[in-house]
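User: I'm new to this one and would like to learn how to read its strands and helices. Could you walk me through it?

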Amino acid sequence: MAAPAEGWPVSATAGPGHGAGRLLRGGRVVARVLLVWVLSAGALRLLDRWLPGFSMAGWWQPIVCALLFGVLSAVVWPLVLRIALPIAVFTLGIGSFLVLGAGVLAISFVVPGVVIADFETAVVVAVAVSVLAALASGLLALDQDELFFRRAARRRARRGTGGDAEMPPGVLFLQVDGLGMDTVRRAVRDGDMPTFARLLAAGSHRLTEWNTDWSSQTGASVCGILHGDNDDILGFRWYEKDRDHVMACSHPEDAAEIERRHSDGAGLLSVDGAGHGNLFTGDAAHVSLTMSALPVLAGAARRRRSGRLGAGYYAYFANPANTLRTLAGALVDVGREISASTRQRRAGVVPRVRRGGFYPFARSATTVIVRDVVVSAIIEDMLAGRAAIYADFLGYDEVAHHSGVERFDALAVLRSIDQQIGRLYRATQLAPRRYQIVALSDHGQTQGWAFTDRFGESVEALVGRLCGAPQPEPRRGVNSDAGRASEGWQVGAALAEASAGAGPIARRLRARVDRAGSAPDHPRTVTGAPGVVTRVAPGVVVVASGHVAMVSFTEHDGRVELETIEREFPELLPALVDHAGVGFLLVRSAESGPIVLGRDGVHRLASGQVLGEDPLGPYGPHAADLVRRVDGFAHCPDIMINSRFDPIMEEASPFEPHVGSHGGMGGPQSKGFLLYPAELPAPGEIVGAEALHRVLRGWLTHLGQPEPPVGAPASPTVSAG
């Protein structure tokens, strides 16, 4: 394990000062107990005077009630929570105080002369006393990590000093969702990520970048990273023609199906691993907040299998002070979001999107509540000595979507994540086994005006209109998150750009249509059969996923070739390649195989021949290989559209209502970062999530962890972490 960076505190449990450190901690614990007891008694006396419906007749009753409340919080409450855990989980901690209020009401029945008029009054008393307990902990600098430190020290004492030598180092894989390489560099330089800065300055870690797949989004990246396979994952959502179904990585059943298709039982976390806040399990036995595991866990709960469902939540909510701290932080974050949104609107900042409604609360759920629960679960995993732990911090990605990639409130969330990583780094110094920290991202984000706001209609409406169907709500998508309304603003300059003259490729496509004898009223092979997925025009499905949109013609089995599209929808391809928001199209030609069409050029992927300007030129040196790979996917759509990227401004217009976005190619969205211990082998150039999986798996092997057995994936047992 590399030495901690200069100035980072290491607990007194380590080294020759172990005995003195134990005495110091023991004194702090005693002082905390006494202080909480005194403050609680004083608070109860004040509540007796100020709170209607609550009274104590004698001087001794506050002292006794405070003592009983302390016992309730420290001993009885954790036992009760094992039964009442669902209340705490599904109310994000608020329900725990309802249960605690019931305990306070019970105390009033036990102590003579204490009167609590109703249940609401009991809850107020419980919250007030818990707030004082949290304040007392803060005054004595006893945060929630102290529990971990003390328990780890006791385990080490029982095991003796040779515990580390008995097992190879474990690894924490900490994913900062959506954080691009360029943003990391600037954040380290400008002081927004001091933990990263210390690790790099101390020389214990190194920073490099990795290139995502064409689908630069969490579904493809995390499946590739955790399972070593992301074949046929086209976006966060995509259409499967053979099932008439839109797959969505955020849907539990779909996530479980994706994992079933890609897991061989030997995922990154298959050997004593744990995962938190991820889309997929990585074949870990211990998971929480993991989308693909939800159907499995629900079935396990119904069948009453062994395993502690929600144990990660239990470990966190068992301490009422944790609940108060998290709820307070969540409310503060709601205020920050409202303030930031108001400031953007008043200053006329563009691009921006609508951020009202439920979003401020959804934001606080990812930036504060889930973050705190995930960190708590990671600490529990470290205490259990698990070999590999992978967790996703989603808050930055969520805020950058709505605020902007490097705007002040997104960077504030990034600072809070960096702070949590610093906490976990300090915890690694005291864990029962040595731990290495690897931080990474699943992709970056590219900023720009949302396609709908810039051009006045969604990509679904555009394709539907070009296929002959009038769109009653042109700004509204139908099969993606683009269906959410976005706040609009002046787009005169963008509309002028959109109406610019036709380019050479569009003229050539129109000429092909004319030579083939097609006409705009060419009959279409539409059966009229009903479909489960919404059509933007008869027989036409469009799904948007970030900077990629996918068009499928449902009246044809398999892949529809360019020549057929030209006959049936003669204006579609010319209008798309000429559109100011479209960078390039992938289609399959009967004559030339897979081809990429751009405004000013064609790239024939089979031969590598380029006619005119290479439409993949602005998208990096790996673009052709990445697009060629997607062309071979079983569910590759008939037309794959990537947004236009401006390399000078590093901007592109996503097909969903976001400011910062990803999902395709173009700019920072394709550049993830990787922060790794300097003692591990340098990874070299990494292209694609599957390649990154091989690097991470190789590091685990290098550290001495056993290779996973290949076989049928096991269902997660679900425990803390």
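User: Let's start small: which residue in E9 does Val176 stand opposite?

Analyst: Keep in mind that this is a predicted model. Val176 faces Phe393 in E9. The two strands involved are E3 (residues 170-176) and E9 (residues 388-393), which pair in the parallel sense over 6 bridges.

User: What is the strand order of the sheet they belong to?

Analyst: Reading across, you get E4-E22-E10-E3-E9-E7-E8, an open sheet of 7 strands with mixed pairing. Strand E4 (205-211) and strand E8 (286-288) are the edges, each pairing on one side only. On average, neighbouring strands here are turned by 15° against each other, direction ignored.

User: Which strands does helix H8 lie across?

Analyst: H8 (residues 218-227) lies across E3, E4, E9 and strand E10 (435-440), and runs at about 170° to E9. Helix H6 (residues 181-190) lies across E4 and strand E22 (671-677), at about 155° to E4.

User: How do I read two helices packed together, and what is the case for H13 and H14?

Analyst: In general, you describe such a pair by the angle between the axes and the distance between them. Here, the axes of H13 (residues 359-384) and H14 (residues 395-402) come within 8 Å and cross at roughly 150°. That angle makes H13 roughly antiparallel to H14, and the crossing is left-handed.

User: Which residues of H13 and H14 meet?

Analyst: From H13, Tyr359, Arg363, Thr366 and Thr367 meet Gly395, Glu398, Val399 and His402 in H14. Sorted by class, this contact has 2 nonpolar, 4 polar and 2 charged residues.

How values were computed:
Residues numbered from 1 in each chain as written. Predicted model: local features only at pLDDT ≥ 70, side-chain atom pairs only at ≥ 80, totals over all residues. Heavy atoms only, no water. Pairing = 2+ DSSP bridges. Helix = DSSP H or I, 4+ residues; strand = E, 2+ residues; numbered from the N terminus. Axes fitted to C-alpha atoms, helices over the stretch in contact; angles between N-to-C directions. Contact = heavy atoms within 4.5 Å. Parallel < 35°, antiparallel > 145°, perpendicular 65-115°, else oblique. Left-handed = near helix turned anticlockwise from the far one by under 90°. Nonpolar A, V, L, I, M, F, W, Y, C, P; charged D, E, K, R; others polar.
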